[in-house]
Number of protein chains: 2
Amino acid sequence: MRQKKKSELLTEVELEFMTELWDLGEGTVRDVLDKLPEDRNLAYTSAATILRILEQKEFVTSRKDGKRHVFKPTLGKDAYQTRSLKDLSMKLFDDTPASLVARLVNDDALTEEALGQIRALVDRRLKNDSG
Amino acid sequence: MRQKKKSELLTEVELEFMTELWDLGEGTVRDVLDKLPEDRNLAYTSAATILRILEQKEFVTSRKDGKRHVFKPTLGKDAYQTRSLKDLSMKLFDDTPASLVARLVNDDALTEEALGQIRALVDRRLKNDSG
DNA sequence: TTTGTGAAACGAAAGTTTTCGTATTTACTC
DNA sequence: GAGTAAATACGAAAACTTTCGTTTCACAAA
């Protein structure tokens, strides 16, 4: 029997939808569809299908409100951010978060301001841990 | 006319192959295939197809060596790391690298040592920029 | 030159993701 | 209850990714 590949990661379109739901908190098919960019031009039924799939994969739950379904993430955006970073770090950075940050801070496009913010974050975390 | 979707990002299997090529520097179909995990069990022709696709997408070039083709990345691993981070940052972190790092350093699984390394990297970059 | 071995070329099957059409259901209004 | 507007349910087409089989080609050994 072939093992079902359960990736735990969102596909491109799934992520697009989850991003809207994270922003909305929760919402109907119509809510999400209306929130997509003007030029996205996705059929209503397509959007409904994506949400159905997200529910099958247990990334969202739904409740009924009158005749509509209201969808709500079961996984927080922060948790998914962590999961994605872990995946990227594993696949492309030898599972060494420091080397990921190294690549990031060596990016010329990164502003001085962003660098300062990053250091502040790291410092705060180090202080909290030790003190 | 429909715009060809040119993603610039590697698919799962493409990344798997590029990773081996980055490690090898360059290599033949056989070289890459032999480098995959024991239990990968991919047919030779499948590997050849992936490399052919990577060449079509211009992620690698090939030269002939006797009767075999030797494949070589056109894009460095570091450049692709940067590209991936930019993509992730855009899709999941509001295009704000600092918030990506914030998520990373807030991950409880991150060791004190890794944190120290990260701060050192940031400090070094800040010093170099100003002095 | 024939023959054997391993590689390349190519197309297409199999698997997954994305999109949509059709049919049905629901709630509301008269 | 019949009409209607909007939502859901479901299947399947379309698009993309992954895998492989068959045929052709290149080189070397007899």
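# A walk through the predicted model

A:Tyr80 has a relative accessible area of 4% and is therefore buried. The model that shows this is a predicted one. A:Tyr80 belongs to helix H4 of chain A. Leaving aside residues up to four places away in sequence, A:Tyr80 touches A:Glu8, A:Leu9, A:Leu10, A:Leu15, A:Trp22 and A:Leu75, and also B:Leu92 from chain B. A:Lys35 lies 45 residues from A:Tyr80 in sequence, and the two C-alpha atoms are 21 Å apart in space.

Helix H4 of chain A also meets chain B. Two packed helices are described by the angle between their axes and the distance between the axes. For helix H4 (residues 77-92) of chain A and helix H5 (residues 97-105) of chain B, the angle is about 85° and the axes are 10 Å apart. An angle from 65 to 115 degrees counts as roughly perpendicular, so H4(A) is roughly perpendicular to H5(B). On the side of H4(A), the contact is made by A:Asp78, A:Gln81, A:Thr82 and A:Leu85, while H5(B) brings B:Leu100, B:Arg103 and B:Leu104. Sorted by class, the residues in this contact are three nonpolar, two polar and two charged.

The next element is helix H5 (residues 97-105) of chain A. Seven of its nine residues are buried, so this helix is largely enclosed by the rest of the structure. The buried residues are A:Pro97, A:Ala98, A:Leu100, A:Val101, A:Ala102, A:Leu104 and A:Val105. What do the buried residues of H5(A) pack against? In chain A they pack against H4 and helix H6 (112-130), and in chain B against helix H4 (77-92), H5 and helix H6 (112-130).

The loop between H4 and H5 of chain A holds A:Asp95. This residue has a positive phi of about 60° although it is not a glycine. A:Asp95 is partly exposed, because its relative accessible area is 48%. In chain B, the loop between H4 and H5 contains B:Asp94, a residue other than glycine whose phi is also positive, near 55°. B:Asp94 has 64% relative accessibility and so counts as exposed.

B:Asp94 is touched by B:Ser89, a residue of helix H4 of chain B. Is B:Ser89 buried or exposed? Its relative accessibility is 5%, so B:Ser89 counts as buried. Besides B:Asp94, B:Ser89 touches B:Asp95, B:Thr96, B:Pro97 and B:Leu100, when residues up to four places away in sequence are not counted.

The remaining part of the picture is DNA strand D. There are 21 residues around this strand, and A:Tyr44, A:His69, B:Thr11, B:Ser46 and B:Thr49 come nearest. Of the atoms of DNA strand D that come within 4 Å of the protein, 66% belong to sugar and phosphate. The residues of the surface near the strand divide into seven nonpolar, seven polar and seven charged.

Individual atom pairs add detail. A:Arg52 has a polar side-chain atom 3.4 Å from a base oxygen of DNA strand D. B:Arg40 places a polar side-chain atom 3.3 Å from a phosphate oxygen of the strand. For B:Ala43, a backbone N or O atom lies 2.8 Å from a phosphate oxygen of DNA strand D. Both chains supply elements that give two or more residues to the surface near DNA strand D: helix H2 (29-35), helix H3 (44-56) and strand E2 (68-73) of chain A, and helix H1 (12-24) and helix H3 (44-56) of chain B. Among these, H3(B) gives the most, with five residues.

Definitions and conventions: Residues numbered from 1 in each chain as written. Chains lettered and ligands numbered in written order. Predicted model: local features only at pLDDT ≥ 70, side-chain atom pairs only at ≥ 80, totals over all residues. Heavy atoms only, no water. Axes fitted to C-alpha atoms, helices over the stretch in contact; angles between N-to-C directions. Helix = DSSP H or I, 4+ residues; strand = E, 2+ residues; numbered from the N terminus. Parallel < 35°, antiparallel > 145°, perpendicular 65-115°, else oblique. Contact = heavy atoms within 4.5 Å. Nonpolar A, V, L, I, M, F, W, Y, C, P; charged D, E, K, R; others polar. Near = heavy atom within 4 Å. Polar contact = N/O pair within 3.5 Å; in protein donor to acceptor, adjacent residues only side chain to side chain. Buried < 20%, exposed > 50% of the residue type's maximum accessible area, 1.4 Å probe, protein only.
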